[in-house]
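Biologist: I've got a chain open and don't know my way around it yet. Can you walk me through it?

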Amino acid sequence: MLQRNDDPGHLTRYETSLRRLAGRGRHRSLSQNAGIDFSSNDYLALAGDARIGEALQAAVARGVPIGAGGSRLLRGNDPEHLALEAEAAAFFGSQAALYFGSGFMANYALLACLPHNADLVVLDELIHASCHDGASATRARVSLATHNDANAFEDAIIAWRRDGGTGRPWLVAESLYSMDGDRAPLNDLIAIANRHDGFLVVDEAHATGVFGPDGRGLAAGFEGLDNVIAVHTCGKALGASGALVCLPSVLADYLVNRSRPFIYATAPSPLMASAVREALRVLRDEPERRDRLKRLVTQMTDGLGELGREATGTQIQPIVIGDPTATMQCAEALQARGYDIRGIRPPTVAEGTSRLRISLTLNADEAALADMLSALGEELDRLGL
Ligand SMILES: Cc1ncc(COP(=O)(O)O)c(C=O)c1O
């Protein structure tokens, strides 16, 4: 029989650590969703969309299973995964696509696996945690570049070559940054990758479905290049979950053979693959969703201008406050008024840059946005921010 651990000290270090977090205004807890959505990444309101629901019902009716029942290399390789990957490769213009269970896992898997030990991985300093963690598992050398500074990427490569680096550089950027709402200098980054015989990895998480022709992302212009890998997450504008890694066939084959998170995990739900297939069709069939989102972005840009605040011009808008406690106070005040706006604190963002992260989705209409912007102005004034 299992004995209860009678040592009262065995949980103390966790409690102490949590108290320390609270003391620094950084303790988090899970909360119920409430209020009008100004915080999700469901940019095109596809997460609860009837058309996707109907596609799922049809998939269930034709026998698509909920669970894959195994890993892709064993019994878990469902025809629905293969259909999705073929359609995604055609849609995003890549030689191949691989479907992972999450964007975090996709970024982790490819950065942990593809760069060799003679290579260099250069990460934008503000890149998503999944890329940092993937890079921490690589055998390649890793370097951080100042945010959105293409010269810093090139300088890192030049310094590494000078030090005797013999492999290939991997430049890693988000096309649209999740916490800042700004865009990467992708044209400069691909030019640097080409100049130095390197690869460019673009995490399109927040651009997929929103930017580019048919919502194919901000790197759509580089589709099909044999040194570009694009990660299209499916849990944001596509309203589902998982991620499609679009890449040259040989690299897809390499991941299937060498990537531990791909090999040693149960394959994503085949039904989720059905949902993503339908979401890709929606991107092509319903451009009006992107147009409406663009109009909301313009409205927010104008509204923020009236508040004397700078706008990103994208669906992601940070309001940087700095102090974490003041940030959370402001977020709570807006939540109390019925707007679901969250505060983002370190370590998710840098010390001194705590912020409200406002995201625009089709879950909130023009009138709700106008009301939210006046509430935002009032609360920032009231709190002296
Ligand atoms: C830029 C970026 N990349 C990757 C991910 C991870 O994607 P997923 O939520 O599908 O795991 C996220 C999600 O938070 C993200 O914002």
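Biologist: Which element gives the most to the lining of the largest cavity?
Modeller: Strand β7, with 3 residues. Strands (E, at least two residues) and helices (H or I, at least four) are DSSP runs, numbered from the N terminus. A cavity is a set of points on a 1 Å grid over the protein atoms alone, where a 1.4 Å probe fits but cannot get out. Lining residues have an atom within 4 Å of a point.

Biologist: Before we go on, what sort of model is this?
Modeller: It is predicted: local features need pLDDT of at least 70, side-chain atom pairs count only at pLDDT 80 or more, and totals for chains, interfaces and linings use all residues. Residues are numbered from 1 along each chain as its sequence is written, and side-chain values use heavy atoms, with hydrogens and water left out.

Biologist: Back to the cavity. How much space lies in it?
Modeller: About 140 Å³ in the largest cavity. A volume is the space filled by probe spheres set on the grid points, which are joined across faces, edges and corners. Of its 19 lining residues, S94, F222, E223, G224 and A230 are closest to the centre. Two elements, β7 (228–233) and β8 (243–247), give two or more residues each.

Biologist: What classes are in that lining?
Modeller: 10 nonpolar, 5 polar and 4 charged residues. Ala, Val, Leu, Ile, Met, Phe, Trp, Tyr, Cys and Pro count as nonpolar, Asp, Glu, Lys and Arg as charged, and the others, Gly among them, as polar.

Biologist: β7 and β8 again: what order do the strands of the 7-stranded sheet have?
Modeller: The order is β2-β8-β7-β6-β5-β3-β4, in an open sheet with mixed pairing. Two strands pair if DSSP finds at least two bridges between them. The edges are β2 (96–100) and β4 (141–145), each paired on one side only. Neighbouring strands are turned by 20 degrees against each other on average, direction ignored.

Biologist: How many bridges join β5 to β6?
Modeller: 5, and the two run parallel. β5 covers residues 169–174 and β6 covers 199–203. L171 stands opposite L200 in β6.

Biologist: Which helix packs on that sheet?
Modeller: Helix α6 (residues 150–162), touching β3 (120–124), β4 and β5. Contact means heavy atoms within 4.5 Å. The direction of α6 makes about 160 degrees with that of β3. Axes are lines fitted to C-alpha atoms, for helices over the stretch in contact, and angles run from 0 to 180 degrees between N-to-C directions.

Biologist: What about the sheet of 3 strands, what's its order?
Modeller: β9-β12-β11, open and antiparallel. β9 (316–322) and β11 each have a single partner strand, so one side of each is left without a neighbour in the sheet. The twist averages 30 degrees from one strand to the next. β9 and β12 pair over 6 bridges, and G322 has S354 in β12 as a bridge partner. Helix α12 lies across β9, β11 and β12, at about 30 degrees to β12.

Biologist: Switching topic. Which domains does the assignment give?
Modeller: Domain 1 (33–45 + 287–382) and domain 2 (64–284). Such bounds come from an automatic or database domain assignment. Their centres, taken over C-alpha atoms, are separated by 28 Å. The contact takes 19 residues from domain 1 and 20 from domain 2.

Biologist: And what volume does the largest pocket have?
Modeller: About 580 Å³. A pocket is an open set of points with protein on both sides within 12 Å along at least five of seven lines. It has 31 lining residues, with H128, A129, E174, S178 and M179 closest to the centre. Domain 1 and domain 2 each give at least three residues to that lining. By class it has 10 nonpolar, 14 polar and 7 charged residues.

Biologist: Which residues lie nearest the centre of the second largest pocket?
Modeller: S29, S31, M328, R342 and G343, out of 19 in the lining. About 490 Å³ of space lies in that pocket. α12 (324–336), β10 (339–340) and β11 (342–344) each supply at least two lining residues.

Biologist: Last one: where is the cis peptide bond?
Modeller: Between P346 and P347, with omega about 10 degrees. P347 sits in the loop between β11 and β12. Most peptide bonds are trans.
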